[in-house]
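Please open the model in your viewer and keep the selection tool at hand, as this tour goes from one stop to the next.

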Amino acid sequence: MATIDAAPDRNASASIGDKTRAVIDTFDRYVVPNYRRFQVCLVRGEGSRVWDAEGAEYLDLFPGWGCNLLGHCPEPVVRAVQEQVARLIHVPNTWYTEPQGEWARLLSERSFGGQAFFCSSGTEANEAAIKLVRLRTDGKRYKIITFQGGFHGRTMGSVSATAQPKYHEGLGPMVAGFQYAPHGDLEAVEKLVDEHTGGILVEPILGEGGVVPAPAGFLQGLRRIADERDLLLVFDEVQCGCGRTGRWFGHQHFGVVPDVMTLAKSLCAGIAGGAMLTTVELAKHLRPGMHAATFGGNPVAAAAGVAAIRMIDDEGLLGHVDRAAALFRERLTAFKDRCDAVVDVRVIGMMIGVELSIDGAAVVQACLDRNLLVNCTQGRVIRLLPAMNISEADVVEGCDKLSDAILEVASRA
Ligand SMILES: Cc1ncc(COP(=O)(O)O)c(C=O)c1O
């Protein structure tokens with residue numbers, strides 16, 4: 001889980017079933033309480049549906065916090081993982097394996113033709129990118145410009161890159177060298193660049209920051225500055241990459257190509273996996289011995305990653321995303337027209353933000369009361385990261401239940 005804008009309790013008055021109670025008791029005794037959790041224990045999932053330990057069914061518009069790109073337990077991915085896990089679970093990166101090479105090839109062909117470093121999470125992928133920026137100039141140009149409202153992960157490098165004070169509280173001192181600019185402000189970026197600046201790190205579409213696409217011309221401007229000042233342009237596509245937006249990668253909507261791109265979350269459709277992609281030329285700077293990840297590119301993650309890409313191709317899911325997005329947009333903007341509590345609706349493929357003037361956590365709770373799973377970020381933005389293969393009927397049901405929940409909370413406000 002990425003954000004601290006997280007789960008309120010399941011309706012306090014709702015009774016908790018015996019099976020769920022027993023699991024919660026075990027957690028209370030043995031699991032570090034660093035997450036706010038709903039009082040629900042999920043046991044099974046299929047597509048956009050998930051079931052709890054008491055047998056209740058939910059429509060999940062936020063499957064796996066953006067990791068379950070193809071819904072719960074997509075059959076081709078399950079099959080590929082089962083076959084791989086029975087053949088070779090793990091070998092270290094001192095050996096070659098077929099799935100890792102194939103995975104890198106498929107990613108390269110769909111992006112900018114470079115090479116991949118594999119790891120297991122988004123924060124690790126960003127750490128690799130941060131190291132690459134520094135290694136390119138042997139640490140001389142160690143500074144990286146990032147943006148307010150961005151989110152890059154929880155390890156010390158990535159959290160230092162994250163220009164949101166709430167994630168820094170109590171953790172100081174932060175890793176040196178990150179400079180923060182207002183999102184969308186090219187002039188501020190130009191002013192920050194000096195002889196020690198080595199890169200610019202940005203999400204093409206802010207995810208945790210409220211589902212906000214880069215303003216018109218912003219990424220183009222960053223590309224220009226990076227070219228003029230010899231900086232690496234790094235796109236964090238941990239949330240918006242891998243097909244979620246209806247293009248293989250978020251930056252393909254903007255016609256701007258980065259030097260480095262980081263991926264995770266959706267990359268293996270629910271299995272842990274991360275990657276940093278860069279050009280063949282730049283990849284040479286990540287010299288042997290300078291960076292590694294024990295589980296990076298392991299055969300099971302690689303098999304899942306390959307199966308996910310093939311499923312998206314075989315089932316024409318990029319096109320399906322465009323159709324599902326159009327339906328979400330149509331229904332949610334129609335709702336906005338009749339509900340003052342909706343300030344804005346932002347739909348970029350299966351990355352959807354509904355900005356409210358009322359408390360988002362209360363809406364998440366009202367959705368849960370309707371067996372609908374959604375997320376709230378930045379306090380007032382209902383965030384949906386639906387599965388790419390969501391059915392039209394589920395889009396309609398989800399929008400209806402969400403609208404109903406917003407109306408209920410608005411009537412109380
Ligand atoms: C854009 C972005 N970058 C990085 C991360 C960190 O990824 P992980 O939680 O896999 O480390 C996230 C997680 O939400 C993210 O949204």
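Is Asp 138 buried or exposed? Select Asp 138 and its surroundings: it is exposed, because 9 other C-beta atoms lie within 10 Å, where exposed means 12 or fewer such atoms, buried means 20 or more, and C-beta atoms are placed from the backbone. The model is predicted, so local features need pLDDT of at least 70 and side-chain atom pairs count only at pLDDT 80 or more, while totals for chains, interfaces and linings use all residues. Residues are numbered from 1 along each chain as its sequence is written.

Asp 138 lies in the loop between helix H4 (122–136) and strand E5 (143–147); helices (H or I, at least four residues) and strands (E, at least two) are DSSP runs, numbered from the N terminus. Phi of Asp 138 is near 50 degrees, a positive value in a residue other than glycine. Most residues other than glycine have a negative phi, and most peptide bonds are trans.

Next select Lys 265, in the loop between strand E11 (260–263) and strand E12 (274–278), where phi is near 40 degrees and thus also positive. Lys 265 counts as buried, because it has 29 C-beta neighbours inside 10 Å.

Then go to Pro 173, in the loop between helix H5 (156–161) and strand E6 (178–181), and look at the peptide bond that leads to it from Gly 172, which is cis, with omega near -5 degrees.

Finally, colour domain 1 (18–73 + 317–412) and domain 2 (75–314), whose bounds come from an automatic or database domain assignment. Their C-alpha centres lie 26 Å apart.
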